[in-house]
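I set out to look up contacts, burial and charge pairs in one chain and to note each result in turn. The entries follow the order in which I made them.

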Amino acid sequence: MRLSTFFYSIRQGFKNIGRNKMFSLASIATMAALIFLFGLFYAIVANFNHIVKSAEEGVAITVFFNDDTSEEEIKRIGEDLKKRDDVLKAVYVSPEEAWANFQEEYFGDNQELAEGFKDDNPLAKSANYEVYLREVESQDELVSYCENIPEVRKVRKSDVVAKTLSSVNKLLWYGSLGVIIILLGVSIFLISSTITVGVNVRSEEIAIMKYIGAKDGFVRLPFVIEGILIGLIGAVIPLVLFYFIYNKVVVYIMTKFSLLNNLVDFLPVSEVYRVLLPVGLLLGVGIGFIGSFVTIRKHLKA
């Protein structure tokens with residue numbers, strides 16, 4: 001394609017938007033609303049996933065050892081655990097640390113209750129490793145691995161927490177997929193409707209162009225560019241607005257509900273936009289291209 005033809009098609013794409021102002025504005029506004037909803041949905045999902053991931057990193061199994069297991073063997077097993085891909089970290093808890101933690105948790109300010117055990121640690125055989133998971137779904141596999149280690153006496157795990165987080169992850173995935181499919185379908189329909197109006201308005205002109213030998217690509221390109229422009233403009237507007245709104249909403253929530261400060265850690269806007277910006281622009285351009293390309297192709301074949 002010659003450069004002059006390409007620039008002609010771009011000019012025609014802009015003119016097509018001007019010719020169908022009402023439909024173009026309606027498509028841009030609807031596209032903007034959909035991309036904004038997608039951005040809102042993605043921000044909620046990303047933050048929720050971040051919270052779930054943080055909770056997952058707090059899920060650990062506790063590995064206890066046989067009474068006759070030496071310190072060297074325990075440390076060797078710990079090093080092997082740390083090398084596994086599904087292990088985030090493995091923390092060694094000595095009998096002294098276990099007893100100190102027990103006193104703090106159960107005796108609290110009444111430390112005098114533990115005086116009777118001053119010279120006799122009741123948890124002398126409780127050396128263990130707290131093994132934290134990268135993903136909660138891998139808990140069963142890791143537990144099975146640990147239980148097959150000869151020196152391991154018992155493995156304590158959190159079945160309820162693991163199953164709950166695993167179910168939340170699946171629900172999050174299926175819910176996200178469903179909403180994205182709906183948004184894509186509605187957007188493509190709207191772009192297609194706008195291009196259809198443009199084709200109908202220029203039907204006589206297109207017929208004459210075809211009659212004098214214009215190729216389908218020459219006729220199609222201005223409409224494809226029109227669809228891409230509508231998609232791009234419809235994506236840029238909400239992405240810019242959402243960038244400024246996001247931080248204000250986060251600050252408002254954390255101020256209004258101060259109890260969440262210790263429970264929820266929202267993602268910074270830069271982290272959200274690292275994915276949202278390219279995906280949002282790609283969605284806008286992609287939906288505009290697909291909607292216009294399919295529509296004009298159908299009309300040229302008719």
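Entry 1, contacts of Leu239. I listed what Leu239 touches beyond four places in sequence and found Ile35, Tyr273, Leu276, Leu277, Gly280 and Leu281. The model is a predicted one, and I read every value below as computed from it. I placed Leu239 in helix α8. Its relative accessibility is 5%, so I entered Leu239 as buried, the cut-off being under 20%. I also checked Leu239 against Ala32: the two C-alpha atoms are 8.5 Å apart, although 207 residues separate them along the chain.

Entry 2, the surface of α8. I then turned to Leu232, which belongs to helix α8, residues 216-256. With a relative accessible area of 34%, Leu232 is partly exposed. I found Leu232 in a nonpolar surface patch with Val236, Val240, Tyr243 and Phe244. Together these residues offer about 440 Å² of accessible area.

Entry 3, the chain as a whole. I counted nine helices and four strands. Read from the N terminus, their order is α-α-β-α-β-α-β-α-β-α-α-α-α. Of the 302 residues, 38% are buried. I took the contacts between residues at least 6 apart in sequence and noted that 84% of them join residues at least 24 apart. The accessible surface is about 18,000 Å², and carbon and sulfur atoms account for 63% of that area.

Entry 4, Asn128. I located Asn128 in strand β3, which covers residues 128-133. Is Asn128 buried or exposed? I recorded a relative accessible area of 5%, so Asn128 is buried. Setting aside neighbours within four places in sequence, I found Asn128 in contact with Thr62, Val63, Phe64, Phe65, Val91, Tyr92 and Val93.

Entry 5, the two sides of α5. Which residues of helix α5 (residues 139-147) are buried? I noted Gln139, Leu142, Val143 and Cys146. Viewed down the axis of α5, these buried residues lie within an arc of 100°, so they line one face of the helix. On the face turned away from that buried side I found the exposed residues Asp140 and Glu141.

Entry 6, salt bridges. I found six salt bridges in the structure. In one of them, Arg84 pairs with Glu141, with 4.0 Å between the closest N and O atoms. Arg84 sits in the loop between α3 and β2, whereas Glu141 is in helix α5, so this pair ties together parts 57 residues apart in sequence. I entered Glu141 as exposed because its relative accessibility is 55%.

Entry 7, pairs within one helix. I next examined Lys82 and Glu79, whose side chains form a salt bridge at 3.6 Å, N to O. Both are in helix α3 (residues 71-82), three residues apart, or about one turn of the helix. Lys82 is partly exposed at 41% relative accessible area, and Glu79 is likewise partly exposed at 40%. Arg274 and Glu271 form a further salt bridge, at 2.7 Å, N to O. In helix α9 (residues 269-301) they too are three residues apart, so about one helical turn separates them. I recorded Arg274 as exposed at 59% and Glu271 as partly exposed at 31%. Finally, I noted one network, in which salt bridges with shared partners join Arg76, Asp80 and Glu151.

Technical notes:
Residues numbered from 1 in each chain as written. Predicted model: local features only at pLDDT ≥ 70, side-chain atom pairs only at ≥ 80, totals over all residues. Heavy atoms only, no water. Patch = residues over 30% accessible without salt bridge, like charges linked within 9 Å, V, L, I, M, F, W, Y side chains within 5 Å. Areas by Shrake-Rupley, 256 points an atom, 1.4 Å probe, with all protein chains shown as cover. Buried < 20%, exposed > 50% of the residue type's maximum accessible area, 1.4 Å probe, protein only. Contact = heavy atoms within 4.5 Å. Arc of directions from axis to C-beta.
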